[in-house]
Amino acid sequence: MGKMNDSLGTFLKDSAQAARAGKPARIFMGNEASDLDSMAASILFAWSSGAASGGLPNIPVMNIPREDFNLRTEALWLFQEVGIDQKDLVFLDDIDLGKLLAGAASRLVLVDHNKLSAAQVAWEPKVEEILDHHADEGLYPSAKKTIAPVGSASTLVAELMLAGSATLSPAVATLALGTILLDTVNLDPEAKRVTPRDAAAAASLLPASGSDQKVLFDRLQLEKFNVAALSSRDILRKDYKEYRMGTVMCGMSSALLPMADWFMKDAAIEAAFSQYAKSRKLDVLIVMGAYTAPEFTREMAVHSKDAGLRKRLVEFMNKSGLGLAPLKAADGIPAGNTEYFSQADLSQSRKKLQPLLSSYFQD
Ligand SMILES: [Mn+2]
């Protein structure tokens, strides 16, 4: 380990300033989904890595537009908890990363992924180092690689930090620990995410964090599902994928709250669906609801201006065994171009439904 800046806050302020100056730098960047692990691990790896040769500043860059940070409710909470000021984070749209990386001296460190996304492949020659827990795709052979199939990329950063001589501050230890706990479902072997290395790193971080493991995990889990502060548009955006299926443009959002709660939260939910579908130029918007209260439950909303398309879709999904039944809500179902269902087959997630719909529309 190189020399550690003992204050994470000072480090982030300095690196944000360096980013704005646009001088050559070593950029630490997580994957484009930019979950808590991607963000926390790139911050911690940038902070704990020694200065690069030639004195390039280490700059963690969040691989999402600044507007999207609010959607990562668990990261929002944990960063606030450990005293990270949002203003000191650098987001994709804060700087011209392409221009910065075009500088001959600049370098790129991939964190929590080992393959650049399609939109970022041009930066391949800049990849100098990789720290990741996904299967190694074997790219960038000249890069220094720390890749292992553990539960969290933050475990790999924690191992490097713990091997160093510096004492970890409660903020640094809590940031790493919280991320590892969330990624491994509180180190629960039954969730099949945790490895002995995650458990060992967490055990070493715990005393330094000054946290209670269960309290920290429960709070993060709660915040992850806490969409109370989000607008309907943001709930739709939070976990959204889009597919062209034959001639049909289909948007699929996963939402983590009961539809009945959503109706209460936003009386204008129909307008929100319709505006979102229009802004994304969708023929159909499918909202897949999933929540545990106390039983795991799936619901679905199918929104389309085309009533015939809605009907065909629902018929097809029922033929495919989803078991959709019109939803009943105490306060009534909002009127409009949306149909709401409960879903009997709980195994039918977006990952499974999307290829079914794709093949249906392509026939
Ligand atoms: Mn990860």
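What percentage of the 363 residues in the protein chain do buried residues make up? I looked this up before anything else, keeping in mind that I am working with a predicted model, and I found that buried residues account for 52% of the chain.

**Entry 1, the whole chain.** I went through the secondary structure and noted 13 helices and 12 strands in the protein chain. The radius of gyration came out at 22 Å, close to the 21 Å that the globule rule gives for 363 residues, so I wrote the chain down as being as compact as a globular protein of that length. Along the principal axes, the C-alpha atoms fill a box of roughly 65 × 45 × 35 Å. I then turned to the contacts between residues at least 6 apart in sequence, and of these 67% join residues at least 24 apart. For the surface I noted about 16700 Å² exposed by the protein chain, with carbon and sulfur atoms supplying 53% of it.

**Entry 2, strand E5 and its partners.** I next followed strand E5, which covers residues 127-132 and is mostly covered, since 5 of its 6 residues are buried. Strand E4, residues 107-111, pairs with E5 in the parallel sense over 4 bridges, and I saw Leu-110 standing opposite Ile-130 in E5. Strand E6, residues 144-147, also runs parallel to E5 and is joined to E5 by 4 bridges; here Glu-129 stands opposite Lys-144 in E6.

**Entry 3, the manganese ion.** Which residues give the protein donors of the manganese ion? I listed Asp-37 (OD), Asp-112 (OD) twice, and His-133 (NE2), lying 2.1 to 2.8 Å from the ion. In sequence I could write the spacing of these donor residues as D-x74-D-x20-H. The pair Asp-37 and His-133 links distant parts of the chain, 96 residues apart, with Asp-37 in helix H2 (residues 36-48) and His-133 in the loop between E5 and E6. I checked the cover of these two residues as well, and both Asp-37 and His-133 are buried.

**Entry 4, Asn-70.** Last, I looked up a loop residue, Asn-70, which lies between strand E2 (58-62) and helix H3 (73-81). Asn-70 has a relative accessible area of 38%, and I therefore entered this residue as partly exposed, a term that covers values between 20% and 50%. Leaving out residues up to four places away in sequence, I found that Asn-70 touches Leu-76, Gln-86 and Leu-230. I also took the separation of Asn-70 from Pro-24, which is 46 residues in sequence and 29 Å in space, C-alpha to C-alpha.

Note on methods: Residues numbered from 1 in each chain as written. Predicted model: local features only at pLDDT ≥ 70, side-chain atom pairs only at ≥ 80, totals over all residues. Heavy atoms only, no water. Buried < 20%, exposed > 50% of the residue type's maximum accessible area, 1.4 Å probe, protein only. Pairing = 2+ DSSP bridges. Donors = N, O, S within 2.8 Å, 3.2 Å for Na, K, Ca; no water. Rg over C-alpha atoms; globule rule 2.2 N^0.38 Å. Contact = heavy atoms within 4.5 Å. Areas by Shrake-Rupley, 256 points an atom, 1.4 Å probe, with all protein chains shown as cover.
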